[in-house]
Amino acid sequence: MAMGSSRALLILSNFKFKTTASSSSSSKPFFPFKTNLGTRNFSTKIRSSLQPPDLPRLAETARISLAPNEVEEFAPKIRQVIDWFGQLQAVDLDNVEPALRADTEGDNLREDVPETFENTEALIASDTLWNLGEPSSNTGMEGSFLL
Amino acid sequence: MTVGRLLSLKVSVFLSSVPVSVHKQTGRILHVRNGVLYCTMKSSQSQTATQEKQQPPKVKVPQHALKKTVDKITRDYEAIIGIETHVQLSTLTKAFCSCPYNYGSQPNTSICPICMGLPGALPVLNSKVIEFAVKLGLALNCKLSLNSKFDRKQYFYPDLPKGYQISQFDIPIATGGYVDLDLPLEFGGGHRKFGITRVHMEEDAGKLLHSGNGAQVDLNRAGVPLLEIVSEPDMRTGIEAAEYAAELQRVVRYLGISNGNMQEGSLRCDVNVSIRPIGQSEFGTKVEIKNLNSFSSINRAIDFEISRQALLLSEGQGDQIVQETRLWEEGAQKTITMRKKEGLSDYRYFPEPDLPEVILTQEYVDSILKSLPELPEMKRRRYENMGLSMQDVLFLANDMNVAEYFDETLSSGADLKLAANWIMGDIAAYMKNEKLSINEIKLTPKELAELIASIKGGTISGKIGKEILFELLAKGGTVKGLIEEKDLVQIVDPVEIGKIIDKVISENPKQLEQYRGGKTKLQGFFAGQVMKLSKGKANPGLLNKILLEKLNAKN
């Protein structure tokens, strides 16, 4: 578990928490959308501050194991990160068109021309990738599970 | 049967996933097990039905008797049906990498770091995917979003290499469309229009192959482009749903964007069914059904599910209908619960940071609109306006290649109805027997038109026409050539026919006497002999006319 938690620490400290209302999970369940497409729900003024996530649940969905003391330790740090974004809510966006994305480059498309990747053996070799020391908690399998 | 009367029959009805109904007259409980209907009798009196060995008296009730009872119950309810369809696009490469995709390849031979989700690999969108998405959006009469984006749909599963699926969440490429279709005549016919909520682009996951010691992953299919089509909940019956799916198949094949094969998995449908008492505005509980591998499964699964829900509701057991995903079991012909509890899915959608916005220009959209082929609905309306019957219309417009063949035959000058009849009749039968598509038969549309004209113009008889059709289908060649080669020109000269008839009559004096003695049925015998002598070339009408004259003449 020590290795797991230190890895979790590493990830969390570098954690760029991208938040939109669609991903700010709280304890209420999130269903695939059913809203009308005209409104965008990340520039809402209804919430004056963003809710911090239910940390155990967040860790569960991200498959990161946290000990109870780690939950206690990280909760305020994550809360702080969210509050930084909460400050952005103060900006008046009434006269600004919502942007779909933050980038300004145009599209980056590729022609529909096949290219076979050589050396697929290396890709599926069991010692290359899957030897992370612990079996995946999802599948309970060790070693290569690529056919 | 009203709900009240049903409840008053003090019969203990066992409810599992098995539909049960009570027969009005006899009070017998009817249920289905392993696809066979059984009827358990309440009283021990012997009935007229057969008994099964030593088992408790059970009667196999014909399907239609059960169906009538179930129909009575379901009549009080309205079914609300929606369908989510995934279409696998027939691009040469995957959505975000240049790996080729071929159905049935050896596992894990068409993979690369991108579709495997290896660290550092970045997706690059295949331009064909946008083109196909726009084609489909336009064909389904949707509004296109000139600006859309990709999002990450995050969940963990062994066949999802990246731990997320690149999809489109809140800004899909197309929204708000519809399909027009005509229900087949054997199901009552009628025109329908079903709404399309949205169409969006996404990628497929890999395949899990289950073996003796667990499951293994084949990533050949991971990253293959899909278009997801979500319908409005406009369908009301199993047959409407099946026809909707069939029309989507027709459209994607006409557009050439997918081979739309349910068996191969290039067209996948998940169905959502709920029912509510007629008149109620509130929707009932929605149940999802998966594992539908054919249009008829869609039809039957929905009808089953409607009956299951109606029976539960009519017996006051509506709370047994839960929002869940059920699997259609083709063998047992019923839906069953998926055992494992899925839990609430929190996909944590957010914009895919590794892909730029998808921007369409109006010019691009217009150029694609111009390039669209004549779509099934337009073809059906055109054929209908030409005067063909609905039955002909539905057959000819179903397969794009058949329609093209038909159109070409017409443009070579063939008569409309005759061309339709030949294609739908003898030619279709030949294709079925030989397992050939219309592109593989040797008869060209031009020659078919020639054949039709030759018969219509009297050059050859209809019978001869059918005979040489077979050779033309199998070996090709020209109609004119065959007629000449085999000397098939019809004899229409009465004098010549008369000569042949005279010969036949003179060679069969006994039959002539019998005929004149009253056995008029022998006319057929004479006609046959004349045909034989003329090698089938005598015009049947003339033959019989002259034959009759000669037979009845007082000689």
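Is Asn119(A) buried, partly exposed or exposed, and what is its relative accessible area? In this predicted model, Asn119(A) has a relative accessible area of 48% and is therefore partly exposed, since that class lies between the limits of 20% and 50%. The residue is found in the loop of chain A that runs between strand 1 (109–110) and helix 4 (120–124). Its backbone has a positive phi of about 65°, although Asn119(A) is not a glycine. Most residues other than glycine have a negative phi.

A second asparagine, in chain B, also has a positive phi: the value for Asn291(B) is near 70°, again in a residue other than glycine. Whereas Asn119(A) belongs to a loop, Asn291(B) lies within strand 17 of chain B, which covers residues 287–292. With a relative accessibility of 41%, Asn291(B) counts as partly exposed.

The two chains may be described in turn by their overall content. Chain A contains five helices and one strand, and from the N terminus these elements follow one another in the order α-α-α-β-α-α. Of its 147 residues, 21% count as buried, and chain A exposes about 10,700 Å², of which carbon and sulfur atoms supply 56%. Among the contacts of chain A with a separation of 6 or more, 65% are accounted for by residues 24 or more positions apart. Chain B, for its part, has 18 helices and 21 strands, and buried residues make up 51% of its 555 residues. The area exposed by chain B is about 26,400 Å², with 52% supplied by carbon and sulfur atoms, and of the contacts in chain B between residues at least 6 apart in sequence, 67% join residues at least 24 apart.

Among the sheets of chain B is an open one of nine strands, which are arranged in the order 7-11-12-15-5-16-17-18-19 with mixed pairing. The edges of this sheet are formed by strand 7 (143–144) and strand 19 (334–337) of chain B, and because each has a single partner strand, one side of each is left without a neighbour in the sheet. At one of these edges, strand 7 of chain B pairs with strand 11 (residues 174–182) of chain B in the antiparallel sense, over two bridges, and here Leu144(B) stands opposite Ala174(B) of strand 11. Helix 8 (residues 376–386) of chain B packs on the sheet, where it touches strand 11 and strand 12 (191–203) of chain B, and the direction of this helix makes about 35° with that of strand 11.

Another open sheet of chain B consists of three strands in the order 10-9-20, with antiparallel pairing. Strand 10 (164–167) and strand 20 (350–351) of chain B stand at its edges, and since each has a single partner strand, one side of each lacks a neighbour in the sheet. Strand 9 (residues 151–154) of chain B is joined to strand 20 of chain B by two bridges in the antiparallel sense, with Pro351(B) of strand 20 as the bridge partner of Asp151(B). Strand 9 and strand 10 of chain B, which likewise run antiparallel, are joined by four bridges, and Lys153(B) has Gln165(B) of strand 10 as its bridge partner. In a regular strand the side chains alternate between the two faces of the sheet. Along strand 10 of chain B, Tyr164(B) and Ile166(B) point one way and Gln165(B) and Ser167(B) the other way, and all of them are buried.

Helix packing in chain B is illustrated by helix 10 (residues 400–411) and helix 11 (residues 416–434), whose axes come within 10 Å and cross at roughly 145°. The crossing of these two helices of chain B is right-handed. Helix 10 of chain B contributes Val402(B), Tyr405(B), Phe406(B), Thr409(B) and Leu410(B) to the contact, while helix 11 of chain B contributes Leu416(B), Ala419(B), Ala420(B) and Ile423(B). By class, this contact between helix 10 and helix 11 of chain B has eight nonpolar residues, one polar residue and no charged residues.

Beyond helix 11, Thr444(B) is placed in the loop between helix 11 and helix 12 (445–456) of chain B. At 36% relative accessibility, Thr444(B) counts as partly exposed. The C-alpha atoms of Thr444(B) and Val322(B) are 57 Å apart in space, and the two residues are 122 residues apart in sequence.

Terms used. Residues numbered from 1 in each chain as written. Chains lettered and ligands numbered in written order. Predicted model: local features only at pLDDT ≥ 70, side-chain atom pairs only at ≥ 80, totals over all residues. Heavy atoms only, no water. Pairing = 2+ DSSP bridges. Contact = heavy atoms within 4.5 Å. Axes fitted to C-alpha atoms, helices over the stretch in contact; angles between N-to-C directions. Buried < 20%, exposed > 50% of the residue type's maximum accessible area, 1.4 Å probe, protein only. Areas by Shrake-Rupley, 256 points an atom, 1.4 Å probe, with all protein chains shown as cover. Left-handed = near helix turned anticlockwise from the far one by under 90°. Nonpolar A, V, L, I, M, F, W, Y, C, P; charged D, E, K, R; others polar.
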